[in-house]
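The exercises below concern the protein chain displayed here. Each sets a task and then works through the solution step by step.

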Amino acid sequence: MSQPIIPQTMKAWLYTSTTPSVIANLTLHTSTRAPPPPSYASQLLIKVHSTSLNPADHKVPQQTTIPFSGGKTLICSLPASPGLDFSGEIVATHLKHSGEFKPGDRVFGCLARPRTFGTAGEYILADANDVATLPEGVSFEDASCLGVAVRTAYQSLKNYLDLSKPEFENKQPKVFINGGSGGCGVFAIQIAKMLGCHVTTTCSSRNVQLVESLGADEVLDYTKIDVAETLKAKGLVFDHVIDHIGLPANLYAESHYFLKPGATWVQVGAGSIMTAFWRAITPRFLGGGRRWFVPLMMANSKKDLVAVGKLVNEKKIRIIKDGDKVWDFEQLKEAYELLASGRARGKIVVRVVRE
């Protein structure tokens, strides 16, 4: 069997500083250093076909910036490429690899954390535990969305909403999803409906039709109403809350008016990491919330990766791409700027190399 050719150089978007931001420092390099061959048994060298963008790609390096370092980050060495989600093809395995994967296999997955060789480059190194075989009939572009967003939505429901409780035997659970049109929200709506829940969600006027098409039973247009007051007027009706926005600022503090006792508030995203921090530590007597609060950190579970891949393969989850398009690799910085603006609908997908 011939040995695989290990690339020495590649195209990649690199940042050399996190100041003032990762995105501001992104530069396309057409011939930069490629990753080395796999260095341990479960490590894989993968050629990236597509990547989808997540706020963690740029926020985590920025939030771990070393003070007075000129923009260095604790999370990885610089220069680095951003990006976690990927789909692609295995180029090489370690000599001691167990045999689960082999060169040429079509795969998808998610890096456990931002790395020097992120998915905004043509090649990455990934652990086999973070990689799954591409399901039959699922495209590279769709599979690249299954790393962070779909699994986050999946875990925000299955890990915290126990549908086996007797109270749900003859009753439809009611879920409130704050932010239904973003990268996680579009999947949270679909998974909640798949589980048999009644879904109330928020979005702006331009996204009402989208979230309704995904199955949302009630849509609150936050540009036209006071979301907190509208929810309070409903009374104690919700069995679960997933918050992707962190706004309005008083929403969690007022949640005891609409979220049932014993139910959970899952904080998936917010404009700032401090939103989740202050919500988690502020006591009731200082205006804090009175319901169980969970700042969700997605578990990079291979079992869940395979599970969501199966759901897409069975057409139980529809992949929603912003603008129903796939961005070219040369547009990646522009795509990240759209992500940071908060105006993307669904996932932003970038084609790194053509099949």
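## Exercise 1: The overall fold

Task: Describe the secondary structure of the protein chain and determine how its radius of gyration relates to the globule rule.

Solution. The protein chain contains nine helices and 15 strands. Its radius of gyration is 21 Å, close to the 20 Å that the globule rule gives for 355 residues, so the chain is as compact as a globular protein of that length. The model is a predicted one. Along the principal axes, the C-alpha trace spans about 65 × 50 × 35 Å. Of the 355 residues, 52% count as buried. Among contacts between residues at least 6 apart in sequence, 72% join residues at least 24 apart. The accessible surface comes to about 16100 Å², and 53% of this area belongs to carbon and sulfur atoms.

## Exercise 2: Length and faces of helix H8

Task: Compare the expected span of helix H8 with the distance between its end C-alpha atoms, then establish where its buried residues lie around the axis.

Solution. Step one concerns length. Helix H8 comprises the 12 residues 302-313, which at 1.5 Å a residue should span 16 Å; the end C-alpha atoms are 16 Å apart, in agreement with this value.

Step two concerns burial, for which the cut-off is a relative accessible area under 20%. The residues of H8 that meet it are Asp304, Leu305, Val308, Gly309, Leu311 and Val312. These residues cover an arc of only 160° around the axis, which puts them on the same side of H8. The spacing follows a general principle: an α-helix has 3.6 residues a turn, so residues three or four places apart point the same way.

Step three concerns the surroundings. The cover over the buried residues of H8 includes strand S5 (106-110), strand S7 (131-133), helix H3 (149-158) and helix H4 (185-194). On the face turned away from the buried side, H8 carries the exposed residues Lys303 and Lys310.

Step four concerns the ends. At the start of H8, a side-chain oxygen of serine 301 comes to within 3.3 Å of the backbone nitrogen of lysine 303. Just after H8, lysine 315 adopts a positive phi of about 60°.

## Exercise 3: The buried face of helix H9

Task: Identify the buried residues of helix H9 and the elements included in their cover.

Solution. Helix H9 (residues 332-341) has Leu332, Ala335, Tyr336 and Leu339 as its buried residues. Viewed down the axis of H9, they fall within an arc of 100°, so they line one face of the helix. Among the elements covering them are strand S1 (9-14), helix H1 (55-63), strand S14 (327-328) and strand S15 (349-351). Glycine 342 follows H9 and has a positive phi, near 80°.

## Exercise 4: Two loop residues

Task: Determine whether serine 144 is buried or exposed, and do likewise for aspartate 324.

Solution. Serine 144 is located in the loop between helix H2 (140-143) and H3. Its relative accessible area is 0%, and serine 144 is therefore buried. The side chain of serine 144 reaches the backbone oxygen of glutamate 141 at 2.7 Å. Not counting residues up to four places away in sequence, serine 144 touches Ser50, Thr51, Ser52, Asp85, Phe86, Ser87 and Val349.

Aspartate 324 occupies the loop between H8 and S14. With a relative accessible area of 70%, aspartate 324 is exposed. Its C-alpha atom is separated by 23 Å from that of alanine 192, which lies 132 residues away along the chain.

Conventions: Residues are numbered from 1 along each chain as its sequence is written. Side-chain values use heavy atoms; hydrogens and water are left out. Helices (H or I, at least four residues) and strands (E, at least two) are DSSP runs, numbered from the N terminus. The expected span of a helix is 1.5 Å times one less than its number of residues. Buried means under 20% relative accessible area, exposed over 50%, partly exposed in between (1.4 Å probe, protein chains only). The arc is that of the directions from the helix axis to the C-beta atoms. Contact means heavy atoms within 4.5 Å. A polar contact is a pair of N or O atoms within 3.5 Å; within protein, one must be able to donate a hydrogen and the other to accept it, and residues adjacent in sequence count only if both atoms are side-chain atoms. The radius of gyration is taken over C-alpha atoms; the globule rule is 2.2 Å times the number of residues to the power 0.38. Accessible areas come from the Shrake-Rupley method with a 1.4 Å probe; for residues, only the protein chains shown count as cover.
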